[in-house]
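Reader: I am new to this structure and should be grateful for a close look at a single part of it. Would you kindly choose one strand and describe its surroundings in a connected account?

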Amino acid sequence: MPVAAKICGLSTGEAVAAAVAGGAAYVGFVFYPPSPRAVTPAEAAALCAAVPDGIERVGMFVDADDAAIAAVLAAAPLDLLQFHGHETPDRVAEARSRFGRPVMKAVAISGPEDLIAVAGYEDAADLLLFDAKPPRRPDALPGGNGLAFDWGLIAGRRWRRPWMLSGGLTAELLPQAVRISGAAAVDVSSGVEASPGNKDPAKIRAFLAAARAL
């Protein structure tokens with residue numbers, strides 16, 4: 001069965017078109033200004049218009065307040081909210097109720113101790129996203145750093161919510177990552193870029209082809 005793929009950090013029509021044509025199950029738009037992949041609500045609205053029904057439009061937020069999320073939703077028709085910061089389970093549940101959208105919560109992993117936090121989100125979130133913990137640098141982004149974690153840490157584990165694997169994935173690494181982790185869905189950003197924030201349509205097509213082949 002093909003692995004469902006999310007292409008995150010899209011900011012151009014060309015990249016969106018490549019994701020749609022390649023069979024992406026999710027397309028992601030970043031609403032975190034420090035990121036080189038960030039888009040405005042108006043830009044996201046224009047990009048979302050090119051996404052057909054059946055493909056989930058995801059908005060990625062980092063510790064955003066209600067006003068920031070509401071401003072995006074007023075312009076862009078997002079299907080799913082992705083929280084990639086330090087949001088607590090209570091915050092996830094509150095936003096899920098307030099905005100009437102399912103929420104995916106990212107959990108940053110570098111070692112087995114980081115998996116303890118997952119339990120708190122299983123009731124609050126609709127989906128989980130396992131990503132590599134960012135490097136300890138002041139300018140480090142919460143995601144999209146091109147880093148992978150030890151996929152064996154989640155191998156054979158079962159959670160009460162569907163989950164997605166992220167962190168350092170590329171078309172070349174995808175078969176191994178899925179085989180070890182058991183992921184049924186994957187998320188990529190930097191692994192389909194020519195440079196930070198600059199999506200490469202050819203790499204998007206290659207990644208999606210690799211996902212379809214699994």
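Author: The model is a predicted one, and the account below follows strand E5 and its neighbours. On one side, strand E4 (residues 80-83) pairs with E5 in the parallel sense, over three bridges. Within this pairing, Phe 83 stands opposite Lys 105 of E5. The connection between these strands involves a helix: E4, helix H4 (residues 89-99) and E5 together make a right-handed β-α-β unit. Lys 105 has a further contact, for it lies over the face of Tyr 121, at 5.2 Å from the ring centre.

E5 also pairs with strand E6 (residues 127-132), again in the parallel sense, here over six bridges. Ile 109 has Ala 132 in E6 as its bridge partner. As for burial, six of the seven residues of E5 (residues 103-109) are buried, so the strand is largely enclosed by the rest of the structure.

From E6 the description may pass to the aromatic residues. The count of aromatic pairs comes to four. One of them is the tilted pair of Phe 130 and Trp 163, with 5.5 Å centre to centre and 50° between the planes. This pair links distant parts of the chain, since Phe 130 belongs to strand E6 and Trp 163 to strand E7 (residues 163-165), 33 residues apart. Trp 163 also forms an edge-to-face pair with Trp 159, at 6.0 Å centre to centre and 75° between the planes. Phe 130, Trp 159 and Trp 163 thus form one aromatic cluster. Phe 130 is buried; Trp 159 counts as buried because its relative accessibility is 14%, and Trp 163 is buried with a relative accessible area of 16%.

Notes:
Residues are numbered from 1 along each chain as its sequence is written. This is a predicted model: local features need pLDDT of at least 70, side-chain atom pairs count only at pLDDT 80 or more; totals for chains, interfaces and linings use all residues. Side-chain values use heavy atoms; hydrogens and water are left out. Buried means under 20% relative accessible area, exposed over 50%, partly exposed in between (1.4 Å probe, protein chains only). Helices (H or I, at least four residues) and strands (E, at least two) are DSSP runs, numbered from the N terminus. Two strands pair if DSSP finds at least two bridges between them. A crossover is right-handed if, with the strands pointing away from the viewer, the path from the first strand over the helix to the second runs clockwise. Rings of Phe, Tyr and Trp (its six-membered ring) pair if their centres lie within 6.5 Å; planes under 30 degrees apart count as stacked, over 60 as edge-to-face and the rest as tilted. A charge sits over a ring if NZ of Lys or CZ of Arg is within 6 Å of the ring centre and within 35 degrees of the ring normal.
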